[in-house]
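Here are my notes for you to read with the structure open beside them. Take the points one at a time and find each residue as you go.

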Amino acid sequence: MKQRNAVTLMLALGTVLGLAGCHNDPDEMPAPVDTVPAGTPLTVDIPANFPQMPIPEDNPFTEEGVELGRFLFYDERLSGNNTMSCASCHSPEAAFTDDGNQFSTGIDGIVGTRNSMALINLAWDTRYFWDGRVLTLEDQILRPVMDPIEMHETWPNAVAEIQAHAAYPPMFESAFGTSTVDSVLVAKAIAQFLRTMISGNSRFDKFQRGEGLLTVDEQLGLQLWQLEGGDPALGLGGQFGADCFHCHPTAGGRLTDGQLHNNGLDAEFTDLGAGGVTGLAEDMGRFKTPTLRNIALTAPYMHDGRFQTLEEVVEHYNSGGQQSPTVDPFMKFGQGGLELTPEKKQQLIAFLNTLTDMDFVNNPAFQDPGEP
Amino acid sequence: MIKLRPNDPGGLYPPYFCVLKSPNSFRSGLAMMHTPFRTLLALLLPLAFAGCGPDEEVEPTPMPPTTTGTLRIKVVPEWEGGAFAMNSVYTNVSDYRVKVEAIKFYLGDVRVLNGSSETMVKDIAFFNLGEGRDTLLATVPAGTWTGLRIGLGVPQELNDADPIVYPSGHPLDLANAMYWTWSQAYRFLIFDGRYDLDAGGTDPPAEPFSMHTGLNECYMEFDLDLGTGVTITAGNTTTLTVHLAVDHFFYSGTETLDLATENQTHGTNLPLALELSNNAAQSFSVE
């Protein structure tokens with residue numbers, strides 16, 4: 001991290017040296033009217049085992065934007081009766097999930113149908129929600145506010161309440177150059193905050209960076225992760241591995257491929273997943289692959305929170321899953337499943353536990369800042 | 001006309017799979033982190049220290065005339081010379097009913113040819129035909145070019161790099177989900193779908209096939225003959241349609257890829273991966 005900061009400082013110096021002081025007549029300099037974005041540019045540290053963070057050109061990081069987003073993330077004014085904030089279902093005490101609940105309950109007491117997803121490393125995602133129905137983080141943030149089974153608020157109402165708060169208009173002015181609040185700016189600010197929520201300091205990360213070791217069992221679990229599943233006599237190329245790598249690749253620290261898959265939970269779908277969005281037969285029962293970061297802290301599991309423990313999850317994949325027209329070829333239905341021994345299952349779970357990042361969960365910068 | 005030139009099979013990787021590397025052999029993220037910043041510094045430092053000399057009028061450097069144009073290569077999948085659609089059911093060379101669900105691949109080291117001269121015009125491009133990502137744009141010197149030389153896959157130099165160096169939007173961006181962590185290398189071709197051995201069946205094909213090529217051995221270079229040539233004019237875009245015969249993925253010459261027994265490879269079944277790579281590389285053509 002220090003090296004990254006040093007590089008950033010050098011870049012800043014280089015830029016200053018390069019772009020200033022070489023002009024003979026300051027009067028000839030074009031006036032920087034309306035060309036400098038509001039806010040103080042912010043450089044976010046990226047773990048060394050991660051790729052660059054994609055940042056939207058129309059929503060760069062600023063100190064003021066991130067700070068504003070943090071206040072808004074925890075602000076209950078965004079809900080219809082001012083009782084729920086984003087953090088209600090994505091609580092830091094529960095690793096930014098909904099406190100172990102299978103489903104979340106909205107302001108009207110209506111229980112949802114999908115498990116609250118953990119908010120981790122969202123900046124690198126390319127689709128959001130379990131069904132992948134939106135493609136930008138800013139767009140994702142707009143939805144729960146309006147959802148009648150979640151925060152059940154209209155954006156005009158939410159915006160009016162934020163606008164009426166004495167502290168917020170100046171914060172918007174500092175962050176975006178305007179004191180006029182609108183939903184797009186609210187979403188941009190929260191998106192900036194969420195993009196700073198980077199988990200990259202688990203024991204696995206340190207192992208990947210050569211900064212720490214894993215136990216023998218954990219390493220064997222990782223090895224199973226990277227091996228093709230199944231019996232080679234039943235399915236070509238089988239290596240008796242756990243075959244996690246296809247959908248949860250470890251490269252770049254992502255632990256998700258970000259794609260949509262049907263992981264064989266059901267023979268018949270009660271939740272259509274992406275198919276409910278696109279209407280396409282080939283999308284039925286497909287859901288976004290979640291990251292496995294902090295998986296030990298974010299039970300229950302799957303889009304409907306049907307599994308309470310990692311043992312149940314591993315057993316599901318071990319079984320090969322349920323047949324359906326869209327079940328992913330990576331599942332081993334019909335090929336005898338993974339056939340993992342109890343010892344191998346425990347090694348796999350031992351590895352899953354190395355993905356816990358308490359530095360992330362306890363990071364003071366992500367906690368409730370109180371009233372603005 | 002297609003001239004296939006398979007890569008040297010004596011690649012870096014042992015056949016079938018690589019044993020997981022030890023912690024010390026993981027690529028050093030800290031070392032790799034510096035690479036893009038070195039590049040940035042290289043760009044910024046000249047800005048910092050150049051152009052600050054004594055007052056003098058600097059003659060504006062005349063812009064060189066544009067000598068390049070854009071070649072837009074659009075890949076159009078077909079089935080037996082006709083239209084092809086993902087998730088539609090076709091009958092393949094073995095008389096099996098097949099439904100293709102994903103075709104994703106890299107084309108690398110794209111060169112334009114003219115006689116004995118060749119010019120590299122694109123290092124790497126990613127195609128995901130199921131999501132409409134079917135076009136490659138290359139900057140090409142103006143002139144008439146009579147052939148293309150293309151690699152199906154990721155050239156070794158790019159393949160061997162740590163994937164975190166490739167930024168968002170780059171063809172090798174991890175977000176494209178083409179990277180194999182077990183081999184620390186990219187998949188070259190993903191060909192997924194379902195099949196039914198019963199040619200007379202009426203239900204949707206149910207048995208999955210999932211064939212992913214990768215490893216440097218599977219890199220296949222092929223040539224496309226452009227006949228009298230494609231002319232690139234300075235500053236303009238020329239579109240070239242390249243046909244991709246998806247039905248050809250299941251055969252080449254006298255060899256047939258039999259889904260009954262050959263339906264899965266993820267690097268652990270190298271002979272099948274090579275067979276598919278060979279078939280696929282011969283599936284590209286230009287009219």
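1. A bit of vocabulary before we start: two strands count as paired if DSSP finds at least two bridges between them. Keep in mind, too, that this is a predicted model. Now look at strand β2 of chain B, residues 68-79, and strand β7 of chain B, residues 135-141. They run antiparallel to each other and share seven bridges. If you want one bridge to find on screen, take G69(B), whose partner in β7(B) is V140(B).

2. β2(B) has another partner in strand β13 of chain B, which covers residues 237-245. Here the pairing is parallel, with nine bridges. Try E78(B) this time: its bridge partner in β13(B) is A245(B).

3. Then there's strand β3 of chain B, just residues 82-83, which pairs with β2(B) in the antiparallel sense over two bridges. E78(B) turns up again here, standing opposite A83(B). What do β2(B) and β3(B) form together? They make a hairpin, with two residues between the strands. One to click on is E80(B) in the turn, which has a positive phi of about 50°.

4. Stepping back to the whole of chain B, you'll count three helices and 17 strands. Buried residues account for 41% of its 287 residues. Now take the contacts in chain B between residues at least 6 apart in sequence: 78% of them join residues at least 24 apart.

5. Which residues touch the most other members of the largest nonpolar core? They are L152(B), Y186(B) and F188(B), in a core of 87 residues. Strand β5 of chain B, residues 97-114, gives this core its largest share, eight residues. Apart from that core lies another one of 45 residues, including A118(A), I120(A), Y128(A) and V181(A). As background, nonpolar side chains in soluble globular proteins tend to be buried together.

6. L152(B) deserves a closer look. Setting aside its neighbours within four places in sequence, its contacts include F105(B), L107(B), F188(B), L189(B), M220(B) and F222(B). S277(B), A280(B) and A281(B) are also in contact with L152(B).

7. Over to chain A, which is divided into domain 1 (38-198) and domain 2 (203-356). Their C-alpha centres lie 28 Å apart. Where the domains touch, domain 1 supplies 25 residues and domain 2 supplies 27 residues. On the domain 1 side, the touching residues divide into 11 nonpolar, nine polar and five charged.

8. Is Q192(A) buried or exposed? Residues count as buried with 20 or more other C-beta atoms within 10 Å. Q192(A) has 30 such neighbours, so it counts as buried. You'll find Q192(A) in helix α7 of chain A, residues 183-195. Beyond four places in sequence, Q192(A) is in contact with N59(A), F61(A), G65(A), V66(A) and G69(A). By contrast, try going from Q192(A) to L352(A): they are 160 residues apart in sequence and 29 Å apart in space, C-alpha to C-alpha.

9. Last, a word on confidence. Chain A averages a pLDDT of 90, and 90% of its residues score at least 70. Residues 1-36 of chain A are where I'd like you to look again: pLDDT stays under 50 there. For that stretch, the model has 25 contacts beyond four places in sequence.

Definitions and conventions
Residues are numbered from 1 along each chain as its sequence is written. Chains are lettered from A and ligands numbered from 1 in the order in which they are written. This is a predicted model: local features need pLDDT of at least 70, side-chain atom pairs count only at pLDDT 80 or more; totals for chains, interfaces and linings use all residues. Helices (H or I, at least four residues) and strands (E, at least two) are DSSP runs, numbered from the N terminus. A nonpolar core is a set of buried Ala, Val, Leu, Ile, Met, Phe, Trp, Tyr and Cys residues joined through C-beta atoms within 7 Å. A residue is buried if 20 or more other C-beta atoms lie within 10 Å of its own, exposed if 12 or fewer, and partly exposed in between; C-beta atoms are placed from the backbone. Two residues are in contact if their C-beta atoms, placed from the backbone, lie within 7 Å. Domain bounds come from an automatic or database domain assignment. Ala, Val, Leu, Ile, Met, Phe, Trp, Tyr, Cys and Pro count as nonpolar, Asp, Glu, Lys and Arg as charged, and the others, Gly among them, as polar. pLDDT is the predictor's confidence in each residue, from 0 to 100.
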